[in-house]
Amino acid sequence: MHNEPNILKRHDLDSLNTIERAFHAGPLSEAARSAPGIERRRGLSPEEFEREYRHRARPVVLEAHVADWPSVRTWSFDHLAERFGTVSVVVDGYNSKAAREATLAQFVSMLKENQDNTAAPVYLQEWYYQTSAPGLAAEMPEMDIAQYDFRRNLYGEAASTNHQLWLGQKGGVTRLHRDSYTVDVMHAQIIGEKHWYVMAPAAELHADTDAGWKELAAAPESELMQCVLKPGDVLYLPANWYHRIELLTDSVGLGRKCLDEANLQAHIRQRMTELLALALNPEEVKRTHPELFEVVLMRARTWAKRMDIDLAKLRP
């Protein structure tokens with residue numbers, strides 16, 4: 001198996017754990033605490049966003065950009081549990097050993113029962129709510145800055161809007177990664193606060209040593225930055241930027257992806273690679289990516305359902 005020289009690009013569990021430890025101690029931890037903030041803008045028009053950030057591939061925090069959403073104004077964990085408590089979800093889906101099915105009401109109960117942090121923070125990652133609780137969609141309207149998303153042209157309206165909700169407990173962490181499929185990230189904070197650390201696509205780490213971490217943190221091309229998202233804020237992160245998230249409080253956020261037409265070829269290639277690997281070599285994929293295997297399957301099933309594809313059929 002090819003060994004990726006840039007440790008940041010690896011997906012094996014040992015590499016992921018190595019990177020996560022570096023955020024807690026050592027040169028990267030020190031650099032992250034003092035990293036400059038991502039630029040923040042308020043009242044930015046779609047035209048200004050396109051010109052100053054999207055076309056320049058620069059991250060930005062749009063302060064209070066969705067502060068008028070019904071979800072931002074009215075949601076709480078109890079509110080969601082009361083309305084959609086019987087909906088089935090997968091808790092801690094990014095951890096193959098801890099992942100388990102529960103109802104949304106049970107998830108909220110787990111979160112409350114664990115407020116003293118006697119166990120690891122509970123996390124509901126990548127909840128594709130539009131397939132199981134479509135009534136939530138109207139409370140998170142389409143963003144004016146997301147109109148360029150080319151996925152509508154590829155998959156149709158339903159499949160292109162497979163947004164995800166992330167519900168988690170204070171102390172929860174999403175480890176450093178880059179989003180799949182060469183898509184831009186837009187994350188709208190609805191409840192609570194999250195601390196984001198980001199690095200540019202050119203960031204490289206070739207040795208798990210103090211010298212290696214210092215070089216990564218100090219390299220201008222790494223562009224290590226940070227921000228705290230508060231309710232109503234939106235983070236725009238261009239395709240292939242690395243990011244790591246810490247939940248400063250119990251939190252709910254909306255993950256909304258956008259495909260820039262300029263990234264279409266890379267997007268299709270990655271989609272096809274993933275689907276062919278699952279179809280032709282599932283046991284090897286499961287062995288090499290145990291933490292991601294079920295997540296990738298869930299994504300594929302959700303995508304198929306949104307496209308009205310019958311997975312029991314080999315062809316129409």
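How many aromatic pairs does the structure hold? Some notes from going through the model, which is a predicted one.

1. On the opening question, the count is four aromatic pairs. One of them is Tyr94 with Trp166: the ring centres sit 5.8 Å apart and the planes meet at 85°, so this one is edge-to-face. Tyr94 comes from the loop between β3 (88–91) and β4 (100–103), while Trp166 belongs to strand β6, so the contact ties together parts 72 residues apart in sequence.

2. Trp166 has another partner. With Tyr123 it makes an aromatic pair that is also edge-to-face, at 6.2 Å centre to centre and 70° between the planes. Here the link is from strand β5 (Tyr123) to strand β6 (Trp166), so parts 43 residues apart in sequence are tied together. Put the three residues side by side and you have one aromatic cluster: Tyr94, Tyr123 and Trp166.

3. Are the members of that cluster buried or exposed? Tyr123 and Trp166 are both buried, with Trp166 at 11% relative accessibility. Tyr94 is partly exposed, because its relative accessible area is 21% and the cut-off for buried is under 20%.

4. Now the strands behind the second pair. β5 covers residues 123–127, and five of its five residues are buried. Its neighbour β6 (residues 164–168) runs antiparallel to it, and three bridges join the two. One residue to look at is Trp127, whose bridge partner in β6 is Leu165.

5. Cysteines next. I find zero disulfides in the structure. Cys227 is in none, and the nearest cysteine sulfur, in Cys258, is 17 Å away. Why is Cys258 unbonded too? Its closest cysteine sulfur is that of Cys227, and 17 Å is too far for a bond; a disulfide would need the sulfur atoms within 2.5 Å. Both side chains are tucked away from solvent by the numbers: Cys227 counts as buried at 5% relative accessibility, and Cys258 counts as buried at 0%.

6. Last, internal space. There is one cavity of 30 Å³ or more, and the largest cavity holds about 30 Å³. Which residues line the largest cavity? From one stretch of the numbering come His11, Asp12, Leu13 and Leu16, and from another His289, Pro290, Glu291 and Leu292. By class, the lining of the largest cavity has four nonpolar, two polar and two charged residues. The charged ones are Asp12 and Glu291, and the polar ones are His11 and His289.

Methods
Residues are numbered from 1 along each chain as its sequence is written. This is a predicted model: local features need pLDDT of at least 70, side-chain atom pairs count only at pLDDT 80 or more; totals for chains, interfaces and linings use all residues. Side-chain values use heavy atoms; hydrogens and water are left out. On a 1 Å grid over the protein atoms alone, a cavity is a set of points where a 1.4 Å probe fits but cannot get out, and a pocket is an open set with protein on both sides within 12 Å along at least five of seven lines; lining residues have an atom within 4 Å of a point. Grid points are joined across faces, edges and corners, and a volume is the space filled by probe spheres set on the points. Buried means under 20% relative accessible area, exposed over 50%, partly exposed in between (1.4 Å probe, protein chains only). Helices (H or I, at least four residues) and strands (E, at least two) are DSSP runs, numbered from the N terminus. Two strands pair if DSSP finds at least two bridges between them. Rings of Phe, Tyr and Trp (its six-membered ring) pair if their centres lie within 6.5 Å; planes under 30 degrees apart count as stacked, over 60 as edge-to-face and the rest as tilted.
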